[in-house]
Amino acid sequence: MYTEDRHSSRSLLLAALLALTFDRCAMAAEQATAGLQATAGAPAMAAAPASIDVDAREAARGIMTAHLRLPVSAGPLTLVYPKWLPGRHSPAGPLTSLGGPRFTAAGRALPWRRDAVDMYAFHLDIPAGVTVLEADLEILTAPAPDGVVQGLETPRTATESLLILEWNQLVLYPAGARSDDVSYRASVHLPVGWKFATALQTTAATGDGAQFAPVSLTTLADSTLLAGRYFRDFALGGSPAVTLHIAADTPVALNMSAETQAHYRRLVREAAALFGAAHYDHYEFLWALTDQIMPDGLEHHQSSDDRSPLRALLDDPIRRAEANLLPHEYVHSWNGKYRRPAGLATSDYQAPMLGEMLWVYEGLTEYLGDVLAARSGLLTEDEFRSELARDAAAMDSHSAREWRSLRETTISAQLLYYQSRNWAARLRRQDDFYQESALLWLEADTLIRRESGGHRSLDDFCKLFYGGRSSAPAVIPYDFDALVKALNSVQPHDWAGFWNERLDRLRPGAPLEGLRAAGWRLALTGDPSIMHAAHEADDRDLDLRYSLGFYVDDEGAAIGDVIPGSPADAAGASPGSHLIALDGYKWSKELLHDTLAAPADPAGVITLLVEKDDAFKTLDLKYTGGERYPNLLRLPGSEDLLARIAHPRTAPQ
Ligand SMILES: [Zn+2]
């Protein structure tokens, strides 16, 4: 999953995210023909194929429906709705967006009862003689792009011109069954003329949709479908083949430059050079470009569900800000899907997930996503550094690290994904562990390089731990000891001590040791870095975290997070306040920049008029530091390891 720092109105309101995935082992092909298995928890399910037919023709209205046909036999039956969603690392199954189920058998409605404790479970009694249970479900989403999403709702996944179908939102399966052991034959109806892509194998195109080969529930939930009115496919090469599919809200938004296409082709070659093997039969990037769906990314074994602003291929700042999205999700095919922490490798979607090793699953992916973006040319070396500076400065401003360890943030990831950005720095919320862990993996990379005399690097670990022999999708779980053992075989070191100290320590300030070991130091300077500007454009906000100490949303001039210890914090600012005026004049970005450059008050007080809860008040911010933005500066006399790390492993083509 991808949770880039986003602070605009588009993302302040998120909360319950959706997902699916999960692939259990390399037996997908065999399981494709296996039927629903009767288990101890599902005595009435028969071993025969099930089907799921999704009608997405009204997706733009916020309605997708499914008709399920489940083979059953007489007796009590409990069906469950997927709750814990792979890649989301949380119980994000959108139960309150679910319409139904409505059950029928032999043409007659069949009563059901929700479990009094487990809201995701539905109890039925299958009458004698009934062999097929039919179920109708619908998933309902709000059409407003930024509609407040409550805990168990799902944000919208369709616009007038594209849709993203997450099969797990529309499926039921027998309680107690392993997702590997139940299979579905899926089909979809789409708006007329729309094209689509998915990692599923299409067996028949139906004019307004398609039918797919039977797969396990694991594979179905791991195979998001992207469809759209405006659609393009880009072959990216690779062996197995990798294809980039893009659906956009406008035809012009599909226009990827030849240079950017070359960078994505190189991404595939650079990943092959890094890992040395692949664990998919083919790979499909499914990239939705729209301003109507919350930007996001979700990993699967053989595809990724990537969501970016409409102009991600057209506007250079937005292109830069989104440059590490596809690399991040692609890395997950190795780190997260193929190799997965044992606590996240559950056998069905009802078992709780343990997030404690997300500092590997997400943290190393965050690091490698940036590295591969640089090696493939999606980010320049300067942009790569600028991105690291931005992440490091953000971590440096989080006061909660004095009471909340990195390990604690990974354990509580299932809560953090549901929280807004408000007070994020004070609470160390959301994707904190992505960026902080990435800085620690940089430190590990520099340590391996230094202690091996430059002969080895984290690349060797990636080959060893994630490469091996190429295979079909498979899950190889690991634990902390296995990770430490692999690191030790690359470079002997007290890796258990290294990680335990960093995971458990409580100290102010970001871990900047890796940057320093790479020859760079973090500094706040008056120059907005290229990635700072890129993310402001992407997030549609003004990022004043390192000067006055808050964000301002472009549209409503709403204050976002307030940085602890900043002038805004000292003046009593709170998230959700709207800026009305600055030093007596109507608020504007330009006025803010002018004021920081040349304060009107010689005593260094900047007065903000804000509206909050229908009341107006003034805030006096004591500040004379001018504009301040995170940048990396070279440490004299040191080797530039960041340049080495960012250097491509493959030749341009
Ligand atoms: Zn991720």
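This report describes two sheets and one helix in a predicted model.

## Basis of the description

The model is predicted, and local features need pLDDT of at least 70, side-chain atom pairs count only at pLDDT 80 or more, while totals for chains, interfaces and linings use all residues. Residues are numbered from 1 along each chain as its sequence is written, and side-chain values use heavy atoms, with hydrogens and water left out.

## The sheet of five strands

Here strands are DSSP runs of E with at least two residues, numbered from the N terminus, and two of them pair if DSSP finds at least two bridges between them. One open sheet has 5 strands in the order β17-β18-β19-β21-β20, and its pairing is mixed. Because β17 (230-235) and β20 (296-299) each have a single partner strand, they stand at the edges, with one side of each lacking a neighbour in the sheet.

Within this sheet, β19 (residues 283-289) and β21 (residues 303-308) run parallel and are joined by 6 bridges, and W287 stands opposite D306 in β21.

## The sheet of three strands

Another open sheet has 3 strands, ordered β25-β26-β27, with antiparallel pairing. Its edges are β25 (541-543) and β27 (559-562), each with a single partner strand, so one side of each is left without a neighbour in the sheet.

The antiparallel pairing of β25 with β26 (residues 550-553) extends over 3 bridges, and D541 stands opposite D553 in β26.

## Helix α8

Helix α8 (residues 363-375), where a helix is a DSSP run of H or I with at least four residues, has 13 of its 13 residues buried (under 20% relative accessible area, with a 1.4 Å probe and protein chains only), so α8 is largely enclosed by the rest of the structure. After α8 comes G377, whose phi is positive, near 90°.

Methods: Buried < 20%, exposed > 50% of the residue type's maximum accessible area, 1.4 Å probe, protein only.
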